[in-house]
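Work through the exercises below with the sequence and the structure open. Try each task before reading its solution.

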Amino acid sequence: MSQQPDATGAHFAAAQQALPGTYGAHVRREAVGGRMTPTGSLPAVGRPQRPEPPVRDRLLRDLLGERRLALGRRASDRFWGLFGALLVTAIAAGARLWELGRPGRLVFDETYYVKEGWSLASLGFEAAWPDEPNAAFEAGDVSSYKTDEAEYVVHPPVGKWMIAIGMRLMGGAENPMAWRIASAVIGVLAVLLLVRIARRLFSSTLLGLVAGLLLAVDGEAIVHSRTGLLDQFLMFWVLVAFGCLVLDREWARRRLADRVAQIVEAGGAIGKYGPRLGFRWWRLAAAVSLGLACGVKWSGLYFVAAFCLLTVVWDMTARRTAGVERWWEDALVVDAVPAALIMLPTVAAVYIASWSAWFAHPKSYLRDWAVVNGVAPPGWWPDWGWAQGAWEAGRSLWEYHRMMWDFHTGLDSDHNYASHPLGWIVQWRPTSFYWDKYAPGEGPCPAGAAGDCATAVTSLGNPLLWWLGALAIPVVLVLAIRFRDWRGAAALTGIAAGWLPWFQYSWPLADRTIFTFYTIVFTPFVILALVYLLAVGIERTSRRSGDRRIVGWLAGVLVLLIVGVSVLYYPIWTAMPVPYEYWQRLMLFPSWI
């Protein structure tokens, strides 16, 4: 059984028996047969000794784990790492792109984001639309917006720009497929990303493919990939940021192993403080991605806080494993402070840059608020023309954000599909994006149908997957603590950042209107939690044993069952016309209707 990268105890003690100064330990040496060996590893007389691996190799083994170091060494592993990822991605593409224009109506909050994205791309700002514009927009009249009046919108523009780019690439907004193509492409890319992230996270090509397959067939992921809503883009940028931090973790540990080995092999000791690692580009990329996530929805801020804390903890455990005596202090000073000085300003800069169109266009909503209201800059502010303009724009944007904050914190209107976050993890109250019923011969219902037909777009995750995920979370928590396993902690961090903050907005703390479909943001991390249990089951059973076979068969059966459930529910995720009775049978609980 392979040790985990951050394991301590016996594994750490064995690692300390190395060259002078290795891991910061003062290794006593004794003369044996005319040569020096570490105390406790005296060679038996006449017995050939296995040569100690180089210091760097031992450090890499302790910092990354033997499974990670072995990943990709075999040609078959590399082949399936590429071909398998493409195969799973193809499955995701088929589920998301097939008849993407169905239904040919704006569903749920598409009524806001699709039209806002189109006017944003056409005019440079989100324009107001006439009363009841959807019928005309759906019929192809996509330019009935008011060219001289901005609309009050309550979300930043990144997601709407992504929707607008998709419509532009598809030749316009007249085709319903164009409304959703950006969401679909992002959904397909998210599956590919998860395959590669999980492969590296669990040091297993097979487990990476399982994770990607589960996301490819999940209902929340499919529905959001087929509708022009913002949360899909928030999920994507969060997942990109997480992947960048996983890469940063590995890069930093390899760099730490290199530099510690150089010190040790030169006859030095690590001592109280370890080496500097240099500029961390993957961490910068994560900050850019998090800034884009916040530019889609403000709830990306929760992931900024969670991921920054996560990456600092990873640095602490790395320095501890490498033998730095004051590892916690070293990580805070050398890693955490530079991380904060780089990541937080980068997130802020990217977020502000996402409002560039708002700054550039004088008709943007509240763009001239400071001028109209006579709010002058403070006396110490420079009176240069460009400085005055910058202050006025910044102050106006601040006022706009204050209004947005008031909206989000005070949103308490009744909605049939509002739900408490406690039930999100089991999909207790899924959100109906679209539903219609037809008599035989009407609309998409065949004339020869035995009864009425129903078409639905229900943002309902695969029930079996989510129920298993709900059971897995407490188990993962226990295992992550018991084994000090960073992989389980990473999955739980993503779930916590996407789920727990919403409890502050729900009864009994507050009564804000929130919905189950917000779970799309942490759907990949629920899947990672499930796959983590599979990884532990495989790693904690010996190869070719009966227990390993049981774990394999159980995992295979569960994956097949989840795929089978997705096949059953796919019609009500994609507005396929089905018999009304079929739809009723799939609604297992009254809360699903």
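The exercises that follow concern a predicted model.

**Exercise 1.** Classify alanine 164 as buried, partly exposed or exposed, and find what it touches.

Solution. Start with the location: alanine 164 belongs to helix α7, residues 158–169. Next, take its relative accessible area, which is 1%. Buried means under 20%, so alanine 164 is buried. Then look for contacts, leaving out residues up to four places away in sequence: alanine 164 touches Gly117 and Ala121. Finally, compare positions with alanine 449, which is 285 residues apart from alanine 164 along the chain. The C-alpha atoms of these two alanines are separated by 39 Å.

**Exercise 2.** Classify phenylalanine 83 in the same terms and name the surface patch to which it contributes.

Solution. Phenylalanine 83 sits in helix α4, residues 75–97. Its relative accessible area is 39%. Partly exposed covers the range between under 20% and over 50%, so phenylalanine 83 is partly exposed. On the surface, Phe83 joins Phe79, Trp80, Leu87 and Ile91 in a nonpolar patch of about 480 Å².

**Exercise 3.** Describe the largest nonpolar core and the surroundings of phenylalanine 307.

Solution. The largest nonpolar core has 151 residues. Within this core, Phe242 and Phe307 have the most contacts. Helix α11, residues 231–265, supplies the largest share of the core, with 13 residues. A second core, separate from it, has 16 residues, among them Leu63, Leu64, Ala257 and Leu277. Now turn to phenylalanine 307 and set aside neighbours within four places in sequence: its contacts include Val238, Ala241, Phe242 and Leu245. Leu290, Thr493, Gly494 and Phe525 are also in contact with phenylalanine 307. As a general point, nonpolar side chains tend to be buried together in soluble globular proteins.

**Exercise 4.** Work out how strand β4 is paired and how its side chains are arranged.

Solution. First, the pairing with β3: β4 (residues 453–459) and β3 (residues 431–438) are antiparallel and share seven bridges. Lysine 437 is opposite alanine 454 of β4. Second, the pairing with β5 (residues 578–579): two bridges join it to β4, again antiparallel. Here alanine 454 faces valine 578. Third, the cover: six of the eight residues of β3 are buried. In β4, seven of the seven residues are buried, so the strand is largely enclosed by the rest of the structure. Fourth, the directions: Cys453, Thr455, Val457 and Ser459 point one way, while Ala454, Ala456 and Thr458 point the other way. In a regular strand, side chains alternate between the two faces of the sheet.

Technical notes:
Residues are numbered from 1 along each chain as its sequence is written. This is a predicted model: local features need pLDDT of at least 70, side-chain atom pairs count only at pLDDT 80 or more; totals for chains, interfaces and linings use all residues. Side-chain values use heavy atoms; hydrogens and water are left out. Patches are made of residues with over 30% relative accessible area and no salt bridge: like charges are joined within 9 Å, nonpolar side chains (Val, Leu, Ile, Met, Phe, Trp, Tyr) within 5 Å. Accessible areas come from the Shrake-Rupley method with a 1.4 Å probe; for residues, only the protein chains shown count as cover. A salt bridge is a side-chain nitrogen of Lys or Arg within 4 Å of a carboxyl oxygen of Asp or Glu. Helices (H or I, at least four residues) and strands (E, at least two) are DSSP runs, numbered from the N terminus. Buried means under 20% relative accessible area, exposed over 50%, partly exposed in between (1.4 Å probe, protein chains only). A nonpolar core is a set of buried Ala, Val, Leu, Ile, Met, Phe, Trp, Tyr and Cys residues joined through side-chain atoms within 4.5 Å. Contact means heavy atoms within 4.5 Å. Two strands pair if DSSP finds at least two bridges between them.
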